[in-house]
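User: I'd like a close look at one small part of this model, with the side-chain contacts around it explained along the way. Could you walk me through it?
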Amino acid sequence: MKKTLIALAVGLGLASSAAFANTGSINFYGQVHAGTCPIEIIDPSTGLPVARVNMGNVSVSQFKATGDEAASRAFGMRVTPDGNCVVTPSSKAKVTFTAAYGGAGTGGTLYALEPGGANDLAMTIKDNTGTPVDNGSASKDYPLHATNPTTMIFSAAYKSIGPAVTAGTANTDVQFLVDIQ
């Protein structure tokens, strides 16, 4: 069984009507690999690697009730067999996502956003069938090709966890573990 652990930086943002002068931020992104199979985060529409998943700007008006979702963005995780990453025929992979800022929502199944930003908001991650992948739980099995790259498709969306979503930054980091069997 091969396991690969990588930090997935998800850069997210909500629109805010406040204007600030002479302020700013610098975001540093990187990753450390542990395992034999490299995993690339890709944009499924282009097939190109991405440094982060950009959720864009969302209006608080899109969250009228607890449980409302907005800004769904697809992302892929590509496993490429090579000399260091041997994938046997009929291999499968499961992905476990873990929120860097802890769980959110009922039972902590959602991914908390970085503190100090938008309130009553979290992130949900879903597999390619639209089934949520709970924080700290493994996804469904994705079949892997033994010799060609395989892209596992997921999506992320903002999800309201309370009745009063407020404007502010909506960033989070999510680590993942790919378990190849």
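Let's start from Asp-141: is Asp-141 buried, partly exposed or exposed, and what is its relative accessible area?

Analyst: Happy to! Asp-141 is partly exposed, at a relative accessible area of 31%; with a 1.4 Å probe and protein chains only, buried means under 20%, exposed over 50% and partly exposed in between. This is a predicted model, where local features need pLDDT of at least 70 and side-chain atom pairs 80 or more, while totals for chains, interfaces and linings use all residues. Residues count from 1 along each chain as its sequence is written, and side-chain values use heavy atoms, without hydrogens or water.

Now for the partner. Asp-141 meets Lys-94 in a salt bridge, with 3.9 Å from N to O (a side-chain nitrogen of Lys or Arg within 4 Å of a carboxyl oxygen of Asp or Glu). Asp-141 belongs to the loop between β7 (121-127) and β8 (142-143), whereas Lys-94 is in strand β4, so this contact ties together parts 47 residues apart in sequence. Strands here are DSSP runs (E, at least two residues), numbered from the N terminus. Lys-94 is partly exposed as well, at 28% relative accessible area. Elsewhere, Glu-69, Lys-126 and Lys-159 are joined into one network by salt bridges that share partners.

That brings us to the wider set: the structure holds four salt bridges. One of them pairs Glu-40 with Arg-78, whose closest N and O atoms are 3.3 Å apart. Glu-40 sits in strand β2 (residues 39-42) and Arg-78 in strand β3, so parts 38 residues apart in sequence are tied together. The two ends differ in setting: Glu-40 is partly exposed at 32% relative accessibility, while Arg-78 is buried at 17%.

Inside the network, Lys-159 bridges to Glu-69, the closest N and O atoms lying 3.8 Å apart. Lys-159 is in strand β9 and Glu-69 in strand β3, so this bridge ties together parts 90 residues apart in sequence. Lys-159 is partly exposed, with 23% relative accessible area, and so is Glu-69, with 33%.

Strands β3 and β9 turn up again among the aromatic contacts. Ring pairs link Phe-75, Phe-97, Tyr-142 and Phe-154 into a cluster. Rings of Phe, Tyr and Trp (its six-membered ring) pair if their centres lie within 6.5 Å; planes under 30 degrees apart are stacked, over 60 edge-to-face and the rest tilted. There are four aromatic pairs by this rule. In one of them, the ring centres of Phe-75 and Phe-154 are 5.8 Å apart and the planes meet at 25 degrees, so the pair is stacked. Phe-75 lies in strand β3 (residues 69-79) and Phe-154 in strand β9 (residues 150-160), so parts 79 residues apart in sequence are tied together. Phe-75 is buried at 2% relative accessibility, and Phe-154 is buried at 1%.

Phe-154 also pairs with Phe-97: the centres are 5.1 Å apart and the planes at 85 degrees, so this pair is edge-to-face. Here the link runs between distant parts of the chain, from Phe-97 in strand β4 (residues 92-99) to Phe-154 in strand β9, 57 residues apart. Both of these phenylalanines are buried.

To come back to your starting point, strand β4 holds Lys-94, the salt-bridge partner of Asp-141, and strand β4 also holds Phe-97 of the ring pair with Phe-154.

Methods
Helix = DSSP H or I, 4+ residues; strand = E, 2+ residues; numbered from the N terminus.
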